[in-house]
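Here are my notes for you, written as numbered points. Keep the structure open beside them and look up each residue as you go.

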Amino acid sequence: MPLNLIKLCVGIESVEQLERYRAEQRLRAESDGGEPCSVHRTRSFPRRAEEILEGGSLYWVIKGQVRARQRILRLEEIASEDGRPRCGIVMDLDVVRVLPRPHRAFQGWRYLEEADAPQDLYDSGGGMDDDMPPEMQQELRRLGIL
């Protein structure tokens with residue numbers, strides 16, 4: 001079973017904004033002839049890297065809820081401006097929405113076991129309407145309607 005990471009998506013207000021940001025990254029990469037991927041830099045390198053690379057994803061907490069994930073392609077050592085080694089989490093640009101789940105704030109990233117990870121939204125049979133406000137979706141799920 002793959003191991004996942006979970007992280008706050010700082011500066012992003014919605015899944016739509018994250019999707020737009022990733023689409024812009026894809027266009028830049030394609031125009032530069034580079035690999036269409038996203039790299040998130042973090043201070044610490046995961047000790048359980050092998051488990052993560054077995055198909056893990058980075059789950060994003062947006063506005064207090066786990067809302068999306070991106071598949072992790074690889075972990076690279078990169079240098080920061082001060083020359084110290086950092087971890088580059090290289091992810092696929094596709095943003096996969098997940099069933100929203102509240103999550104408290106934390107610093108850095110955390111491991112997220114596959115059994116504890118939220119289910120993909122469109123694999124859940126929820127069939128949510130993209131135009132439905134997230135608050136309404138959450139309330140309908142709370143009531144057991146979705």
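1. Start with a pair of valines: V61 has V66 in β4 as its bridge partner. That pairing belongs to a set of six bridges joining β3 to β4, and the two strands run antiparallel. Bear in mind from here on that you are looking at a predicted model.

2. Now look at the turn in that hairpin. Two residues sit between β3 and β4, and K63 takes a positive phi near 50° there.

3. β3 has a second neighbour to check. Four bridges join β1 to β3, and this time the strands run parallel. If you want one example to click on, I6 has Y59 of β3 as its bridge partner.

4. How many of the residues of β3 are buried? Six of its six, so the strand is mostly covered, given that buried means under 20% relative accessible area. Side chains in a regular strand alternate between the two faces of the sheet, and you can follow both faces here. S57, Y59 and V61 are buried on one side, while L58, W60 and I62 are buried on the other.

5. Next, the nonpolar cores. The largest one has 19 residues, and those touching the most other members are L5, L18, W60, I62, I72 and I89. Several elements give two or more residues to this core: β1 (3-8), α1, α2 (49-52), β3 (57-62), β4 and β5 (85-92). Another core, of eight residues, lies apart from it, and I6, Y59, F106 and L112 are among its members. Go back to I6 and Y59 for a second: they are the bridge partners from point 3, and both turn up in this eight-residue core.

6. Zoom out for the overall layout. The protein chain has three helices and seven strands, and along the sequence they come in the order β-α-β-α-β-β-β-β-β-α. The chain has 146 residues, of which 40% count as buried. Its exposed surface is about 8800 Å², with carbon and sulfur atoms supplying 47% of that. As for contacts with a separation of 6 or more, 66% of them are between residues 24 or more positions apart.

7. On to charges. Side chains of opposite charge can pair when their charged atoms come close. Searching the whole structure turns up 12 salt bridges. One of them joins the side chains of E19 and R97, at 3.0 Å from N to O. Find E19 in helix α1 (residues 15-32) and R97 in strand β6 (residues 96-102): the two are 78 residues apart, so this pair links distant parts of the chain. E19 counts as partly exposed at 27% relative accessibility, whereas R97 is buried at 15%. There is a third member to look for too, since E16, E19 and R97 are linked in a network of salt bridges.

8. Compare that with R74 and E35, whose side chains meet in a salt bridge at 2.6 Å, N to O. This pair also links distant parts of the chain: R74 is in strand β4 (residues 65-79) and E35 is in the loop between α1 and β2 (37-42), 39 residues apart. Are these two residues buried or partly exposed? R74 is partly exposed at 28% relative accessibility, and E35 is partly exposed too, with a relative accessible area of 41%.

9. One more salt bridge is worth a look: E51 and R48, with side chains meeting at 2.9 Å, N to O. E51 is partly exposed, with a relative accessible area of 29%, and R48 counts as partly exposed at 27%.

10. Last stop, D120. Where is this residue? Look in the loop between β7 (109-113) and α3 (134-142). D120 has a relative accessible area of 15%, so it counts as buried. Its side chain makes a polar contact with the side chain of R69, at 2.8 Å. Leaving out residues up to four places away in sequence, D120 touches R69, V96, R97, V98 and L99. You have met R97 already, in the salt bridge with E19.

Technical notes:
Residues are numbered from 1 along each chain as its sequence is written. This is a predicted model: local features need pLDDT of at least 70, side-chain atom pairs count only at pLDDT 80 or more; totals for chains, interfaces and linings use all residues. Side-chain values use heavy atoms; hydrogens and water are left out. A salt bridge is a side-chain nitrogen of Lys or Arg within 4 Å of a carboxyl oxygen of Asp or Glu. Buried means under 20% relative accessible area, exposed over 50%, partly exposed in between (1.4 Å probe, protein chains only). Contact means heavy atoms within 4.5 Å. Accessible areas come from the Shrake-Rupley method with a 1.4 Å probe; for residues, only the protein chains shown count as cover. A nonpolar core is a set of buried Ala, Val, Leu, Ile, Met, Phe, Trp, Tyr and Cys residues joined through side-chain atoms within 4.5 Å. Two strands pair if DSSP finds at least two bridges between them. A polar contact is a pair of N or O atoms within 3.5 Å; within protein, one must be able to donate a hydrogen and the other to accept it, and residues adjacent in sequence count only if both atoms are side-chain atoms.
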